[in-house]
Amino acid sequence: MGKLYYNLYETCEKVFCQEELILNYMGRYYAWLHDPLLDEDLRRELLAIRQDDQEIKNRFYDDIDFGTAGLRGEIGAGSMLMNTYNIKLASEALSRVLLENRQAVQGVVIACDSRHRSQDFAREAALVFCG
């Protein structure tokens, strides 16, 4: 299990920084803001903070951590927060690890609970795994 966890961590790093490494928080902010795949609710939230340098820094100084309990954090727009964008990235990373380790045939269980947006996040994760 340890190997799978470390492979997942390395794959997450590759997915989060796939084509070019964005080193500063403002670069990350603008990359998100201009990403054509970002949903409009997140884009509106990012536009609302465009004059607040500290808020942009708080949301984009790093990537959200994938810990032993999975992804956890405040819900909102930013690489440090829980949102559909980060759910899709983490799901993509996990699917790659499962495929590389030939464990995809065992299937994947995706569940939700009573927390805010849990059903939305579960649906987005399922869509990634379905291809």
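The following questions and answers introduce the helices, cores and aromatic rings of a predicted model.

Local features here need pLDDT of at least 70 and side-chain atom pairs count only at pLDDT 80 or more, while totals for chains, interfaces and linings use all residues. Residues are numbered from 1 along each chain as its sequence is written, and side-chain values use heavy atoms, with hydrogens and water left out.

User: In what pattern do the helices and strands follow one another along the sequence?

Analyst: Helices (H or I, at least four residues) and strands (E, at least two) are taken as DSSP runs and numbered from the N terminus. The protein has 6 helices and 2 strands. Read along the sequence, they give the pattern α-α-α-α-β-β-α-α.

User: Which element gives the largest share of the largest nonpolar core?

Analyst: A nonpolar core is a set of buried Ala, Val, Leu, Ile, Met, Phe, Trp, Tyr and Cys residues joined through side-chain atoms within 4.5 Å, where buried means under 20% relative accessible area, exposed over 50% and partly exposed in between, with a 1.4 Å probe and protein chains only. The largest such core has 10 residues, among them Tyr 29, Trp 32, Leu 38 and Phe 60. Two or more residues come from each of α2 (25–33), α3 (40–48) and α4 (53–60). The largest share of this core, 3 residues, comes from α2.

User: Is Tyr 29 buried or exposed?

Analyst: The rings of Tyr 29 and Tyr 30 form a pair, a term used for rings of Phe, Tyr and Trp (its six-membered ring) whose centres lie within 6.5 Å, with planes under 30 degrees apart counted as stacked, over 60 as edge-to-face and the rest as tilted. Their centres are 5.2 Å apart and their planes stand at 70°, so this pair is edge-to-face. Tyr 30, at 42% relative accessibility, counts as partly exposed. Tyr 29, at 1% relative accessibility, counts as buried.

User: How many residues apart in sequence are the parts that the pair of Trp 32 and Tyr 85 ties together?

Analyst: Trp 32 is buried, with a relative accessible area of 8%. The aromatic pair of Trp 32 and Tyr 85 is tilted, at 4.4 Å centre to centre and 55° between the planes. Because Trp 32 lies in helix α2 and Tyr 85 in helix α5 (residues 84–100), the parts tied together are apart in sequence by 53 residues.

User: What share of the residues in the protein is buried?

Analyst: The protein has 131 residues. Buried residues make up a share of 36%.
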